[in-house]
Amino acid sequence: MFLRLLADVRWRGADPKWRSVACCRSASGTAESQPVPLPAQAQVVICGGGITGTSVAYHLAKLGWKDVVLLEQGRLAAGTTRFCAGIVSTARPVSIELKMAEYSNKLYQQLEQETGVQTGYVKTGSVSLAQTQDRLISLKRIASSLTVSGIPCEIISPKQVAQLHPLINIHDLVGAMYVPEDALVLSANVSLALATAASRSGVQIHERTSVSHVSVQKGRVTGVETDRGHIKCQYFVNCAGQWAYELGHSGEEPVNIPLHACEHFYLLTHPLKEPLANNVPTVVDPDGRIYIRNWQGGILSGGFEKNPKPLFTEGRNQLEIHNLQEDWDHFEPLLSSLLRRMPNLEALQIMQLVNCPESFTPDMRCIMGESPTVRGYFVLAGMNSAGISYGGGAGKYLAEWMVNGYPSENVWPLDLKRFGTLQSSRTFLRHRVMEVMPVPQFPFLPSAEAFFFFPQGMEFVGQEALLEQKQNGVYKRFTMFILEDHDTDMDLWPWWGEPIFRNGRYVGKTTSSAYSYTLERHVCLGFVQHFNEKTGEELVVTTDFINQGEYEIDIAGQRFQAKAKLYPFSSLFAQRRRKDEVELSGYQRDGKPV
């Protein structure tokens, strides 16, 4: 709370122009003067004064659109942004997310100099730990992506981890990834700095103003209704965070924004006897499901539990987010992971367990773009606990989208249009966020468990069928086939729907096929079934049943022998590689024989 109040003081004094726009308030929150009236019209109205809304306003102004009004129902940065852990990490598996985080890092680094608002930016670096070889391979894949993007990164040994962070227990580690450019910020201050710069450029900012309705005529935004009057506008941007879902349904033409809030926990400790240095790297332990960062000489540590707690966030009356009720029993597994990773913290005094809402989407990727049903209605929400990492870049790309008609990067993986009406059911979203939060995506977090992992005790749609399959086996088995005697130049190619025969008997159909340039053969995918030859009864398809049969694929009436596999054709890849090596070893670089 002290940091928040300090941020308010710095923000109010950062720009004299702001004082003419916002309503002055006393320490108790009561109004001391009447707020400035809302404009009758604007080119753009943005709803939401957190990191995403202020970032969009900042970048629209940079691109020359200054007839912009930003409305915040409470105070700026008083929503999820206020409780954000402040970790800026570029270690992201999806290319566009990596680019957004990289841009955000660079933006925040120079924002304090640009605005005069202290953002608390400290370049600490981050260390992502690997307890298994599989995790280390995953980190190596990310390291390759970061390297080709020009972001310094290296795979390090456990001993090097201990050198970077003196409190880390390394006995169970096989390696780690070190990204020296990652940073820490004061999240609320970053949002206030963006708002300061936007205000100086002409953007009007109004706190204590709620949007209740978006006006639509002939499929296009025409204005917004607020508790302080109507504003005509050409564009509306929904940056309302956890309220984005219901705000999307408040207009004359509903806009589906599939996200749902869950409780997110992290603890704060008092300073250590020997306080940690400000530049100690942030630690991410994906296998332990936790992150750890320095906080005023002590520790801030949170994570993503296996049994998330969704929130029924229907309350538009909740103007600002407050710390929710502590739940130590729920946080205990994460606390245990923290103490295993940092045993010396057992005697450390805990200051507070923070419990705040965080919005998550069905696929754990943020939502941005223009509504497919309402022209001029743009969305930037559902940041999946990575708002401070993505906020700068996401705001930039959405502003470009609005001004130029398209962003400078391919943001299709984040486009609102990837979701349909089905994913917007409240019931679906409530259950879905409980599934995706424990699933692998501050591979940053959480752990590498299978997509179909569900905790002990949690119910979900299809649970009975899945448990029955686990106990009794499956009756259809997804199988790969490689055509053995197929002439690519002379024979018909498989498409999909070709019959599959096992030992001369029909057992299923292909679902897709493609030519493998590595194997120089056609590969087909399909489902195999097992029927009793006498009764026709459907039987369980076992691994032995797949591996011990002789298969043929029927292409337009002609059968071709096929080799069945349940897993990748590693042996064939190896054979092909050895063949290439032998052929290459017989030639010089100019192509002439040795």
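**Group meeting talk: loops, helices and salt bridges in one protein**

Let me start with a single residue, Gly-497, which counts as partly exposed with a relative accessibility of 25%. Please keep in mind throughout that we are looking at a predicted model. Gly-497 sits in the loop between β20 and β21, and if we leave aside residues up to four places away in sequence, Gly-497 touches Lys-509 and Thr-510. There is also a distance to look at here, since the C-alpha atoms of Gly-497 and Ser-512 are separated by 7.4 Å, although these two residues are 15 residues apart along the chain.

What else belongs to the loop between β20 (477-483) and β21 (499-502)? Trp-493 has its place there, and with a relative accessible area of 43% Trp-493 is partly exposed. The side chain of Trp-493 can be considered together with Trp-495 and Trp-496, as these three form a nonpolar patch on the surface, and their accessible area comes to about 490 Å² together.

Let me now step back to the whole protein. The model contains 15 helices and 27 strands, and of its 594 residues, 53% are buried. The accessible surface of the protein is about 27400 Å², and carbon and sulfur atoms account for 51% of that surface.

From the helices I would like to pick out a pair, α3 and α5. Helix α3 covers residues 51-62 and helix α5 covers residues 95-115, and the two pack with their axes 14 Å apart, at an angle of about 75°. That angle makes α3 roughly perpendicular to α5, because angles from 65 to 115 degrees are counted that way. Which residues meet where these helices pack? On the α3 side we find Ile-51, Tyr-58, His-59 and Lys-62, and on the α5 side they meet Tyr-103, Leu-107, Tyr-108, Gln-110, Leu-111 and Glu-114.

Two of the residues I have just named deserve a second look, namely Lys-62 and Glu-114. Side chains of opposite charge can pair when their charged atoms come close. In this model the side chains of Glu-114 and Lys-62 meet in a salt bridge, with 3.1 Å from N to O. Because Glu-114 lies in helix α5 and Lys-62 in helix α3, the pair ties together parts that are 52 residues apart in sequence. Is each partner buried, partly exposed or exposed? Glu-114 counts as partly exposed at 28% relative accessibility, whereas Lys-62, with a relative accessible area of 53%, is exposed.

While we are in helix α5, let me point to Ala-101, which also lies there. Ala-101 is buried, and its relative accessible area is 0%. Not counting residues up to four places away in sequence, Ala-101 touches Val-88, Ser-89, Thr-90, Ser-389 and Tyr-390. For one of these, Ser-89, the C-alpha atom is separated from that of Ala-101 by 6.5 Å, and the two residues are 12 residues apart along the chain.

Back to the salt bridges: how many does a search of the whole structure find? The search finds 15 of them, and I will mention two further pairs. Asp-415 forms a salt bridge with Lys-417, and the closest N and O atoms are 3.8 Å apart. Asp-415 is buried, with a relative accessible area of 7%, while Lys-417 is partly exposed at 38%. In the other pair, Arg-559 forms a salt bridge with Glu-552, where the closest N and O atoms are 3.5 Å apart. Here Arg-559 counts as partly exposed at 37% relative accessibility, and Glu-552 is partly exposed as well, with a relative accessible area of 25%. Elsewhere, Asp-172, Asp-285 and Arg-341 are joined into one network by salt bridges that share partners.

I will finish with the backbone, and with two residues that have a positive phi although they are not glycine. Arg-289, whose phi is near 70°, has its place in the loop between β14 (282-285) and β15 (290-295). Gln-296, whose phi is near 50°, lies in the loop between β15 and β16 (298-303). Are these two residues buried or partly exposed? Arg-289 counts as buried at 5% relative accessibility, because under 20% is the range used for that word, whereas Gln-296, at 48%, counts as partly exposed.

Technical notes: Residues numbered from 1 in each chain as written. Predicted model: local features only at pLDDT ≥ 70, side-chain atom pairs only at ≥ 80, totals over all residues. Heavy atoms only, no water. Helix = DSSP H or I, 4+ residues; strand = E, 2+ residues; numbered from the N terminus. Buried < 20%, exposed > 50% of the residue type's maximum accessible area, 1.4 Å probe, protein only. Areas by Shrake-Rupley, 256 points an atom, 1.4 Å probe, with all protein chains shown as cover. Patch = residues over 30% accessible without salt bridge, like charges linked within 9 Å, V, L, I, M, F, W, Y side chains within 5 Å. Salt bridge = Lys/Arg side-chain N within 4 Å of Asp/Glu carboxyl O. Axes fitted to C-alpha atoms, helices over the stretch in contact; angles between N-to-C directions. Parallel < 35°, antiparallel > 145°, perpendicular 65-115°, else oblique. Contact = heavy atoms within 4.5 Å.
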